[in-house]
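These are my notebook entries on one structure. I record what I looked up, in the order in which I looked.

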Amino acid sequence: MNPYFKTPPVVQNLIIANCVIYLAMTLIPAVNHFCAEYLQLWWVGAPYFHSYQFVTYMFLHGGFGHLFSNMFALWMFGRTLEYELGSKRFLTYYMVCGIGAALLQMGIAALTGEVYFRLVGASGAVMGLLLAFGVMHPNNQIYIMPLPFPIKAKWFVIDYAVLEIALGWSGVNTGIAHFAHVGGMLWGLALLFWWRKRGRIFF
C-alpha cells in the first residue's frame, strides 16, 4: 500500500484530540463551560485571557461543520506534508501557523478597535498546511467543491489568500476570523523559506 494513503501519527492524533474535545464539549455542559471560559482565545486585555490560549484555542470548534471542514483539510493536506517534513517538523509547522494566526488576528483587532473578540478553531493552522502544500506541490491538481474541475494548488492558494484579505478588510462575514487565516499562511510561508535557506527542506 502507498504510505501516503495512511494517516501518519501527528495528523491522526491531532484529529483525535480535536474530535474528543468537541464531543466532550457537546455532551458535558461543565466541560463546555470550562473550555469556553479558559481555553478559547480571549482578547489580551480580557479578564479571562491567558497566554496558553494561543495554543488551546486551536482545539476548540464552534460547531460540527467547523470541526469537519478543518479536520478534513488537516487529513487531506497534512498526510503528505507530515511524510515529507517528518512528524516533529510537521508538528512544529502546524503549531507555528496556529499561534501566528492568533497573533495576527490579535494585532488587527488592536488596530481596528475590535478588542472584544474570542477565537476558536484550527483554521489558521490548517490554512498554513494549505499554503505549504501549494508551495511544495504547486502544480498538483486538487478538487475543491463545488468546482466541477481540478485546479492547480498554487492558484488555489493564491486565490484563497486574496479572498481572505479582501473579506477581512471589507468586514463581511464578521463571524469568521479572516486575518487568522491570512496569519497562518504568512507564518507558514516565512517558516518554509527559513527552513529552505538553512537547507532543511527543498522545494
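**Entry 1: helix H8**

I began just past the end of a helix: Gly199 follows H8 and has a positive phi, near 75 degrees. I note here that the model is a predicted one. I then looked up the length of H8, which has 20 residues. Its first and last C-alpha atoms lie 29 Å apart, close to the 28 Å expected at 1.5 Å a residue.

Which residues of H8 are buried? I found His178, Phe179, Ala180, His181, Val182, Gly183, Gly184, Met185, Gly188, Leu191, Leu192 and Trp195. I next asked which helices these buried residues pack against. The partners are H5, H6 and H7.

**Entry 2: H6 against H8**

I took up the pairing of H6 with H8 (residues 178–197), in which the axes are 7 Å apart and the packing angle is about 45 degrees. That angle makes H6 oblique to H8. The crossing in which H6 passes H8 is right-handed. From H6, the contact draws on Ser123, Gly124, Met127, Gly128, Leu130, Leu131, Ala132, Val135 and Met136. From H8, I listed Ala180, His181, Gly184, Met185, Gly188, Leu189 and Leu192.

I compared this list with the burial list of Entry 1. Gly184 of H8 is among the residues that contact H6, and Gly184 is also buried.

**Entry 3: H6 against H7**

I looked up H6 (residues 123–136) and H7 (residues 153–170) next; their axes come within 8 Å and cross at roughly 140 degrees. H6 is therefore oblique to H7, since an angle counts as roughly antiparallel over 145 degrees. H6 passes H7 in a left-handed crossing. On the H6 side I recorded Met127, Leu130, Leu131, Phe133 and Gly134. These meet Ala153, Lys154, Phe156, Val157 and Tyr160 of H7.

Met127, Leu130 and Leu131 of H6 thus appear in the contact with H7, and they appear again in the contact with H8.

**Entry 4: H4 against H6**

I turned to H4, which packs with H6 at an angle of about 40 degrees, the axes being 9 Å apart. H4 is accordingly oblique to H6. H4 passes H6 in a left-handed crossing. H4 contributes His66, Asn70, Ala73, Leu74, Phe77, Gly78, Thr80, Leu81, Glu84 and Leu85. H6 answers with Ser123, Val126, Leu129, Leu130, Ala132, Phe133 and Met136.

I chose Ala73 of H4 for a closer check. Is Ala73 buried or exposed? Its relative accessibility is 14%, so Ala73 counts as buried. With neighbours within four places in sequence left aside, Ala73 is in contact with Gly78 and Val126. I also recorded the C-alpha separation of Ala73 and Ser123, which is 9.2 Å for residues 50 apart along the chain.

**Entry 5: helices H1 and H2**

I checked the span of H1 (residues 9–27): at 1.5 Å a residue, its 19 residues should span 27 Å, and the end C-alpha atoms are 27 Å apart, which agrees. The buried residues of H1 are Val10, Val11, Leu14, Ile15, Asn18, Tyr22 and Met25. They cover an arc of only 135 degrees around the axis, which puts them on the same side of H1. I found that the buried residues of H1 pack against H2 (29–39), H4 (64–85) and H5 (87–112).

For H2, I recorded Cys35, Glu37 and Leu39 as buried. The buried residues of H2 pack against H1, strand E1 (41–42) and H3 (53–56).

**Entry 6: two single residues**

I looked up Pro148, which sits in the loop between strands E3 (141–142) and E4 (151–152). Its relative accessibility is 71%, so Pro148 counts as exposed. Pro148 and His178 are 30 residues apart in sequence, and their C-alpha atoms are 25 Å apart in space.

Last, I looked up Leu91, located in H5. Leu91 has a relative accessible area of 36% and is therefore partly exposed. From Leu91 to His50, 41 residues apart in sequence, the C-alpha to C-alpha separation is 22 Å.

Methods. Residues numbered from 1 in each chain as written. Predicted model: local features only at pLDDT ≥ 70, side-chain atom pairs only at ≥ 80, totals over all residues. Heavy atoms only, no water. Helix = DSSP H or I, 4+ residues; strand = E, 2+ residues; numbered from the N terminus. Expected span 1.5 Å × (residues − 1). Buried < 20%, exposed > 50% of the residue type's maximum accessible area, 1.4 Å probe, protein only. Arc of directions from axis to C-beta. Contact = heavy atoms within 4.5 Å. Axes fitted to C-alpha atoms, helices over the stretch in contact; angles between N-to-C directions. Parallel < 35°, antiparallel > 145°, perpendicular 65-115°, else oblique. Left-handed = near helix turned anticlockwise from the far one by under 90°.
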